[in-house]
Amino acid sequence: MPAARRKKHGGGGNSKKPTTSNQQQQQQPASKTDDKFKTQKTEKEETTNASNNNNNINNLKKKKRSKRSCIDNCCWLIGFICSTWWFLLFLYNAMPASFPQYVTEAITGPTPDPPGVKLDKEGLKAKHPVVFVPGIVTGGLELWEGRPCMDGLFRKRLWGGTFGEVYKRPLCWIDHMSLDNETGLDPPGVRVRPVSGLVAADYFAAGYFVWAVLIANLARIGYEEKNMYMAAYDWRLSFQNTEVRDQALSRMKSNIELMVATSGEKVVVIPHSMGVLYFLHFMKWVESPAPMGGGGGSNWCAKHIKAVMNIGGPFLGLPKIVAGLFSAEAKDIAVARAVAPGVLDLDIFGFQTLQHAMRMTRTWDSTMSLIPKGGDAIWGTLDWAPDADHVCVAKKIKKNDTQTAGENGAGFDDFKSHNYGRIISFGKDVADLHSSKVERVDFKGAVKGNNFANKSCRDVWNEYHEMGVGDIKAVADYKAFTVESVLELLEFVAPRMMKRGGAHYSYGIADNLNDKKYEHYKYWSNPLETRLPNAPEMEIFSMYGVGLPTERSYVYKSSPAAECYIPFQIDASADGGNDQGCLRSGVYSVDGDETVPVLSAGFMCAKGWRGKTRFNPSGIKTYVKEYNHAPPATLLEGRGTQSGNHVDIMGNFALIEDIIRVAAGATGNDLGGDQVYSDIFKWSERIKLRL
C-alpha cells in the first residue's frame, strides 16, 4: 500500500516535472518576448536614426537648395531688371519721336505749341542778337589747377553737372570751391574757372534746365551761336574781381560790339537773378573811364543795347541772403528741422554740413551783393513795412471773387499787419510785440574774445569761433533787427567777410548822385546809388513770378552749445497758426517767386525808374511784367509751362514768348505795357523816396 501509494504518488511526483517544465515553458516565451521587444526596439531605434539621418540629409539639401534658390532668385531678378531696361530702351529708340507727345495728349488733352513754334508760324524771325547773363549758382565751374586730392580732374566740372566729386571727396571739394578769405580770389595752388559757351548754364544738372528751354525756342525762329552769347563769369567773385582776374566784363563788351557790328542791330540783354545786378554793374563799368571802367564812353549803352529784360531780378536784395550769411539757413533748412529735429545737427564722420557750407559760402563775395539795399526806408522799421498788409492764404484769391487789399474802400489799417520790418526777431513773442514793449540791449558794446564759445574751432570754418559766450548772448538780447541794424549785426559776427564786402558793395540810398564818391565801382550794382545810362531809346523790363510764398523775415533762437556749433538758428517751432498764415516754421512769407519778394523785383521799374527820376535822368521806359504762378497740371508737364518759380520761370511759355517778340523787334508797348497781379504799385507808393 505504501509502495503503491509511493508509486502512485511517484506518478504524482512525476507530475511535478511538468510543472517545472511548464515554468520553463512559461519563462521561455517571456524571454522570447523580451528579445522580440528588444529587437523591435533596436529596429525602431535604427529606423528612427535612419529617419533622423534622412531628415538631416534632407535639411542639408534644403539649405543648399535655399542658398542656391536665393542666388538664383537674385540672378533672375537682376536679369529681369536688365532685360526690362534694355527692352524699354529699345522701345524708346524704336518708337516714333511723336509717341511721348501722343501719350501726353491722350491723358491731358492737346498741348499748345511751344512759343518758338507758334511765333515761327506767325512769321517772326531772328533780328536782334541776344545776350544771356546767368545768375548766382547756375553757371558751371571747372578745375584748371588743384591740389593732389583733385588729381585726374583737369577741366572737369566741380559745379553744375553730376556733382560726383562732392560725394567722393567732400572736404577737398569744399577747399577748391572756397575763395581766399582775405583777397576774395583764388586760394594758393587752386584755379577754378567758369565754363564758356551756351553749355555754361543751359542745364544746372542733368535734366534740370536753366536757359535750355529759352535757347531752344529762340532757335526755332533762326537764332544760333553767332547771334546768341552766354556771358559766363565766375559767380563766386565780386563783380569787379571778375574783371580783375578773368576780364569777364571786357569779354562781354567786346562780344556785344562784335554782334552789333556783324548784325547791324542792337542787342537784347537777358539777365537772370544775380545776373541782373551784375549787368547793372556792367552798364556803369562800360561807360566809366579806364582803368576802373571799360572806357566805352557815355553813349555806349545807347549805341549797343535795345532792351534789358531782367528775369527774377533782386534789384533791392534778398532777405533770404541775411539768413544764409547769419546762420547758413533758409526756409528749406527750417522746414527740415521741423520735420526731423536734430538730424541736421548730427556730426556724421566729422562732417558738419551747415558749418562747412557757411565756411564756403562766406568766401563768395558775390553773395554780399544780395544783402538788402535801401535800409529801413525801403524794407520797413520795427513797426512798419510797405508790404505789411499782405494776406497769406493757402490758395491765391482771385480779384474777380474777392476784393483785394486797398479796393472798395479797404485801407492799410484794415488788415492785420506783419512786422516784416523786423527782418530778424529772437522769439515769436518779440516778433509780435510793439517796439515800445521790446526791451533791447545794444550788442555793439560787447567785448569780443572772452570765454570763447568754440575754443577748438579756431580758423576752421567761420568767424564764430572768435565770439565769446557773452557776445552770443548780447546778440540775442538785442531782440529785433531791421535791415539797417542787420548790417551792423553781420559786421559784428563776421567782420572779415564784411570788410571784403564793404570794399565792393554799398547798401544805402544816395543823397546826391553828383558826389564824386559814386563814381567808385562799389556803388554800381545798387540802383539807389547810381544812375541808369543816358539811353532814352533803351527799354528795361522787370519780369518775375508772383503767387508763391517768399521769405521776408525770420524768428530766431540761440542754439544749444555743441562742438564747433553755429550759435543761432531759425526757430522752426514758431508758427503763426491759421490766423497768421504768413509765419511757418520760423519764417514770415510774402508774395514773390519763392526767392525774390515782389518789393525787391518790382519797385525800381514800378516807381524808382518810372519816368524821368534822379535814378533815370534820360527817361528810359520801364515795364513791370508779372507771371502768376500755376503749378503743373500733371507729372507729365514736368516743372510746368506756367510756373512763377525763380528758376522754373525760365520755362514759362508766356515769358519766353515776350522775350522772343522783343528779340524779333517788338517794344514794351507792343507787348501791352505792364502786366501786374500783385500789389507792387500800392506798396511802392508807400515808400517815401525822393525821386
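Strands β9 and β12 (residues 539-546) pair in the parallel sense, joined by five bridges. Within this pairing, N310 has S542 of β12 as its bridge partner. The model described here is predicted.

Strand β9 spans residues 305-311. The strand is mostly covered, and seven of its seven residues are buried. β9 also pairs with strand β8 (residues 267-271). These two strands run parallel and are joined by three bridges. Here V269 stands opposite V308 of β9.

Both pairings belong to a wider arrangement. Six strands form an open sheet with parallel pairing, in the order β7-β1-β8-β9-β12-β17. Its edge strands are β7 (228-230) and β17 (621-628), each of which pairs on one side only. On average, neighbouring strands of this sheet are turned by 15° against each other, direction ignored. Strands of a sheet pair through backbone hydrogen bonds, either parallel or antiparallel.

Towards the β17 edge, eight bridges connect β12 and β17, again in the parallel sense. S542 stands opposite V624 in β17. S542 is also the bridge partner of N310. In a regular strand the side chains alternate between the two faces of the sheet.

Helices lie against this sheet. Helix α21 packs on the sheet and touches β1 (130-133), β8, β9, β12 and β17. The direction of α21 makes about 170° with that of β9. Angles over 145 degrees count as roughly antiparallel, so α21 and β9 are roughly antiparallel in direction. Helix α20 (residues 598-608) lies across β12 and β17. α20 runs at about 155° to β12.

Helix α21 (residues 653-663) also packs against helix α7 (residues 212-220). Their axes are 10 Å apart, and the angle between them is about 45°. The two helices are therefore oblique to each other. The crossing of α7 past α21 is right-handed. From α7, the contact is made by V213, L214, N217 and L218. From α21, the residues are I656, I659, I660 and A663. Seven residues of this contact are nonpolar, one is polar and none is charged.

Which residues does N217 touch beyond its neighbours within four places in sequence? N217 is in contact with P114, P115, G116, I656 and I660. Of these, I656 and I660 are among the residues of α21 in the helix contact. N217 itself lies in helix α7. Its relative accessible area is 6%. Buried means under 20%, so N217 is buried.

A second sheet is antiparallel. Three strands form this open sheet, in the order β3-β2-β4. β3 (157-159) and β4 (191-194) stand at the edges. Each has a single partner strand, so one side of each is left without a neighbour in the sheet. Neighbouring strands here are turned by 45° against each other on average, direction ignored.

Strand β2 (residues 141-145) and β4 run antiparallel, joined by four bridges. L141 stands opposite P194 in β4. Helix α6 (residues 170-177) lies across β2, β3 and β4. α6 runs at about 80° to β3. Angles from 65 to 115 degrees count as roughly perpendicular, so α6 is roughly perpendicular to β3.

Definitions and conventions. Residues numbered from 1 in each chain as written. Predicted model: local features only at pLDDT ≥ 70, side-chain atom pairs only at ≥ 80, totals over all residues. Heavy atoms only, no water. Buried < 20%, exposed > 50% of the residue type's maximum accessible area, 1.4 Å probe, protein only. Pairing = 2+ DSSP bridges. Axes fitted to C-alpha atoms, helices over the stretch in contact; angles between N-to-C directions. Parallel < 35°, antiparallel > 145°, perpendicular 65-115°, else oblique. Left-handed = near helix turned anticlockwise from the far one by under 90°. Contact = heavy atoms within 4.5 Å. Nonpolar A, V, L, I, M, F, W, Y, C, P; charged D, E, K, R; others polar.
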